[in-house]
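Dear colleague,

I am passing on the structure we talked about, together with some notes on what turned up in it. Please have it open while you read, as the notes go through it element by element.

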Amino acid sequence: MIDEMKAGTKTYILRIVKTVGILLTVVLSLVMIYAAYCGTTHPDDSKIAPLAVLAFPFLLAIEVAVGLAWLIVRMWRCSLIVWVSMLIAWPSVSVVCPLNMFPHTYTPKEDSTKFKVLTFNVENFKLAYYTDKEKERREGEATARYILEQDADVVLLQEASLSADFNELPFMDALKKVYPYRDHGYHDQVILSKHPYQPVVDDSIKNGFASPDNPLNSYHFYCRAFDVLVPGHKVRFFNVHLHSLSLSHNDKKFYMDLTNLKTQGETAQAKKAGKSLVSKINSAFREHAKETALIRQVINQSDANVIVCGDFNDVPLSYAYRTVMGNDLTDAWVKCGFGPTTTYNNNRLFFKIDHVMYRGDMEAVEIHRHKAGASDHYPLVTTFVWKR
């Protein structure tokens, strides 16, 4: 009798655990599906949507883990909740985690006409970041050495401060020999090119898409465009740096503490810091919406061959990302990358905020994110071939 009661109690508890597990799985799946598509919502219309987009890769990882857990305990029907929700969210899942497993095989014609593009936020080559000038020189040289090793046809750099002292360093002479066509340009938006180019001049963009008298330029929005004469073709390159999140030291410390689960004993302070962090993120995303609308306007006025790349300070699937992509651009990482990736590597803010997009007669066939140089960003190197 006692054994029967124990068995009954155990069965009852298992049913409760299963029911709670199913309910949590359903809630997680609904939240993930919302995060997959809420980037279509303008940041002015929702404070939750931009944060949900940021969380999507992490929600996706948890969803996969939950689905596998149901399979391990042989709850096949429960696991279907996960796989059906992932199927519903697949257009977004494939952006965050593309599965291009096979390398491109070049034809002789492609091999002779392919061209390579490097985009890299170089964090000012670490100039004035340390009191140790020798350390600055070593780290700056590491970044420049990496750029030289890639031997890209066109290099687009963001936050590329090239002071007089830095220009005198030996490796800068090497860069100048490889790239005879170059422009330090507006707010350190640098182009280094093996091929001739013309800066795009337009009343709407002035020196950069945000000039000093432009109200959009409240903090670090810069974009420049160049028509580069890649042999046999003209390609318009956009070098992008969207509005920074403007996170303070305290904001970053709170985030680090949060991810270390160290905020429990400081409820009031943590709440205040959390509000500040969320407010700054939402403010930046609202600025991104304005900035990308301007970029998209110039893209619409451009000829067919366009490559847009740089530091968006925003993630795939976000409103800003979707605005630039429109209906005509292709994300190079989605086209030929493999798996999820990150391009920012500091303060545990592991997000993919650097992007390469394109349209026209070219096609991306290779893209690599390298852990190289000394920046808080990782570079992206993309190889293109001509379709005709």
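Helix H6 is where I would begin: at 1.5 Å a residue its 18 residues should span 26 Å, and since its end C-alpha atoms are 26 Å apart, the two values agree. Please bear in mind throughout that this is a predicted model. Along H6, the buried residues are Glu136, Glu139, Gly140, Glu141, Thr143, Ala144, Tyr146, Ile147 and Gln150. Just after the helix comes aspartate 151, which takes a positive phi of about 50°, although aspartate 151 is a residue other than glycine. Aspartate 151 sits in the loop between H6 and strand S2 (154-158), and with a relative accessibility of 41% it counts as partly exposed.

On the other side of H6 in the sequence, the loop between strand S1 (115-121) and helix H6 (133-150) holds asparagine 124, another residue that is not a glycine and yet has a positive phi, here of about 60°. Asparagine 124 has a relative accessible area of 19% and is therefore buried, the cut-off for that class being under 20%.

Salt bridges

How many salt bridges does a search of the whole structure find? The search gives 9, and aspartate 151 takes part in one of them, with lysine 194 as its partner and 2.6 Å between the closest N and O atoms. Because lysine 194 lies in the loop between strand S4 (190-193) and S5, while aspartate 151 lies in the loop between H6 and S2, the pair ties together parts that are 43 residues apart in sequence. Lysine 194, at a relative accessible area of 26%, is partly exposed.

A further salt bridge joins the side chains of aspartate 303 and lysine 234, at 3.3 Å from N to O. This pair links distant parts of the chain, 69 residues apart, with aspartate 303 in the loop between helix H10 (267-300) and strand S8 (306-311) and lysine 234 in the loop between S6 and strand S7 (235-241). Aspartate 303 counts as exposed at 51% relative accessibility, whereas lysine 234, at 38%, is partly exposed.

The side chains of arginine 359 and aspartate 328 also meet in a salt bridge, at 2.5 Å from N to O. Here the partners are 31 residues apart, arginine 359 being in strand S10 and aspartate 328 in the loop between helix H11 (319-325) and strand S9 (330-331). Arginine 359 is buried, with a relative accessible area of 13%, while aspartate 328 is partly exposed at 31%. Salt bridges with shared partners join Arg296, Asp328 and Arg359 into one network.

Aromatic pairs

The whole structure contains 6 aromatic pairs. One of them is formed by tyrosine 197 and phenylalanine 226, an edge-to-face pair at 5.3 Å centre to centre with 85° between the planes. It links tyrosine 197 in strand S5 (residues 197-199) to phenylalanine 226 in strand S6 (residues 222-228), 29 residues apart, and both tyrosine 197 and phenylalanine 226 are buried.

Tyrosine 358 and phenylalanine 384 make another pair, which is edge-to-face because the ring centres are 5.3 Å apart and the planes stand at 80°, the cut-off for that class being over 60 degrees. Since tyrosine 358 lies in strand S10 (residues 354-359) and phenylalanine 384 in strand S12 (residues 380-386), the pair ties together parts that are 26 residues apart in sequence. Tyrosine 358 and phenylalanine 384 are both buried, and ring pairs link them with Phe115 and Trp386 into a cluster.

Helix H2 and a surface patch

In helix H2 (residues 48-72), the 25 residues should span 36 Å at 1.5 Å a residue, and the end C-alpha atoms are 34 Å apart, which agrees. The helix nevertheless has a kink of about 50° at alanine 55, shortly before proline 57. Buried residues of H2 include Val53, Leu54, Phe56, Leu59, Leu60 and Trp70, and just after the helix arginine 74 takes a positive phi of about 65°.

Lastly, Leu87, Trp90, Leu99, Met101, Phe102 and Phe338 make a nonpolar surface patch of about 760 Å². Leucine 99 is found in the loop between helix H4 (90-96) and helix H5 (108-113), and with a relative accessible area of 48% it is partly exposed.

With best wishes

Notes
Residues are numbered from 1 along each chain as its sequence is written. This is a predicted model: local features need pLDDT of at least 70, side-chain atom pairs count only at pLDDT 80 or more; totals for chains, interfaces and linings use all residues. Side-chain values use heavy atoms; hydrogens and water are left out. Helices (H or I, at least four residues) and strands (E, at least two) are DSSP runs, numbered from the N terminus. The expected span of a helix is 1.5 Å times one less than its number of residues. The bend at a residue is the angle between axes fitted to the seven residues ending there and the seven starting there. Buried means under 20% relative accessible area, exposed over 50%, partly exposed in between (1.4 Å probe, protein chains only). Patches are made of residues with over 30% relative accessible area and no salt bridge: like charges are joined within 9 Å, nonpolar side chains (Val, Leu, Ile, Met, Phe, Trp, Tyr) within 5 Å. Accessible areas come from the Shrake-Rupley method with a 1.4 Å probe; for residues, only the protein chains shown count as cover. A salt bridge is a side-chain nitrogen of Lys or Arg within 4 Å of a carboxyl oxygen of Asp or Glu. Rings of Phe, Tyr and Trp (its six-membered ring) pair if their centres lie within 6.5 Å; planes under 30 degrees apart count as stacked, over 60 as edge-to-face and the rest as tilted.
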